[in-house]
Amino acid sequence: MGLTRREVLMVGGVGSAALATAFFSAGGACAQDEIAEFVKRHTGRTATESDRLHLTMPAVFPTGYTVPMDLNVDSPMTEDDYVKRIRVFAPQNPLIDVASFNFGPRRSMARVSTRIRLAKPQNVVAVAEMSDGALLMTKTWVDVATNGCI
Amino acid sequence: MTTPTPRVLMQSTATKGEVFRVKTIISHQMETGLRHDAQDRVIPRKIINRFVCRYGGVEVFSVDLHEAVSANPYIEFYLRATESGPLEFVWQEDGGGSYRLETQLAVA
């Protein structure tokens with residue numbers, strides 16, 4: 001290799017920002033496709049990414065045993081328009097199903113909190129089935145320091 | 001393992017139409033079936049696999065729990081007060097066991 005340390009550093013300095021951008025956007029698109037594919041495989045349908053569905057979890061958590069999870073869907077919860085079910089998946093766990101929450105119109109709100117186990121840092125995925133048949137999804141990245149599935 | 005103890009925390013009165021929070025927890029190992037004992041035998045799965053809340057006899061909220069719900073499963077949810085009546089909470093365990101609690105809600 002005919003490269004000097006100085007040349008390497010110069011190229012690195014100029015290119016690193018562009019490289020980082022390219023890497024992260026490619027990674028993002030890839031993760032997006034993978035998750036859409038994952039949801040299709042496990043629900044049999046294509047879900048729409050939606051900002052009506054809020055999955056709130058800490059971005060970083062010290063233990064995988066009890067990671068807090070908060071789910072909330074913007075819905076009037078009337079007979080005509082309510083959330084039937086929300087399924088939560090942890091695609092990188094040894095068993096990917098986390099829980100499924102079932103709601104009814106009028107007397108329940110589409111909001112729930114619990115604590116879950118995660119085996120490794122991953123995107124947690126929530127899929128909401130609405131009363132009109134629509135399938136909404138969202139995801140959030142959680143970085144856990146220890147495996148909570150052993 | 002100690003006997004699982006369920007607990008529910010919620011208000012006892014509400015105004016009609018009010019949205020109120022229900023906090024529930026049950027002390028339970030939630031043995032995932034993924035662990036091995038000292039002799040390297042699989043410890044069989046034993047988890048709470050279902051939670052149901054009935055309000056005035058009608059199921060208003062339920063959860064199907066899988067292995068990835070943490071030990072001592074904590075579930076917090078929200079209901080709308082429509083009329084006075086009992087709220088019944090049932091936790092079902094692998095192997096057919098179940099644990100139950102009931103509280104009253106007075107709606108003014």
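A residue counts as buried if 20 or more other C-beta atoms lie within 10 Å of its own, the C-beta atoms being placed from the backbone, and by this criterion buried residues make up 31% of the 150 residues in chain A. The views below are all taken from a predicted model.

**View 1. Chain A combines one helix with nine strands.** Read from the N terminus, the elements of chain A follow the order α-β-β-β-β-β-β-β-β-β, so that the helix precedes the strands by the order in which elements are numbered. Among the contacts in chain A with a separation of 6 or more, 69% are between residues 24 or more positions apart.

**View 2. The largest nonpolar core contains 52 residues.** The residues with the most contacts inside this core are A:I86, A:V98, A:A126, A:V127, A:A128 and A:M137. Strand β8 of chain A (residues 122–130) gives the most to the core, contributing five residues. As a general background to this view, nonpolar side chains in soluble globular proteins tend to be buried together.

**View 3. The surroundings of A:M137 bring together residues from several parts of chain A.** When neighbours within four places in sequence are left aside, the contacts of A:M137 include A:V39, A:A47, A:T48, A:E49, A:S50 and A:L53. A:M137 is also in contact with A:V125, A:A126 and A:V127.

**View 4. Strand β9 of chain A (residues 135–144) pairs with β1(A) in the parallel sense and with β8(A) in the antiparallel sense.** Two bridges join β9(A) to β1(A), which spans residues 48–49, and here A:T48 has A:L136 as its bridge partner. A parallel pairing over two bridges also links β9(A) with β3(A), residues 60–61, where A:V60 is partnered by A:D143. Eight bridges connect β8(A) to β9(A), with A:V125 matched to A:K139. These two strands form a hairpin with four residues between them, and in the turn A:G133 has a positive phi of about 95°.

**View 5. Chain B meets chain A through contacts that involve 25 residues of chain B and 27 residues of chain A.** On the side of chain B that touches chain A, β5 (58–65) and β6 (74–80) of chain B each supply at least two residues, and the largest share, seven residues, comes from β6(B). By class, this side of chain B has 15 nonpolar, five polar and five charged residues.

**View 6. Strand β6 of chain A and β5(B) run antiparallel across the two chains.** Five bridges join β6(A), residues 97–103, to β5(B), and one of the bridge partners in β5(B) is B:S62, which is matched to A:N102.

How values were computed. Residues numbered from 1 in each chain as written. Chains lettered and ligands numbered in written order. Predicted model: local features only at pLDDT ≥ 70, side-chain atom pairs only at ≥ 80, totals over all residues. Contact = placed C-beta atoms within 7 Å. Nonpolar A, V, L, I, M, F, W, Y, C, P; charged D, E, K, R; others polar. Pairing = 2+ DSSP bridges. Buried ≥ 20, exposed ≤ 12 C-beta atoms within 10 Å, placed from the backbone. Core = buried A, V, L, I, M, F, W, Y, C linked by C-beta atoms within 7 Å.
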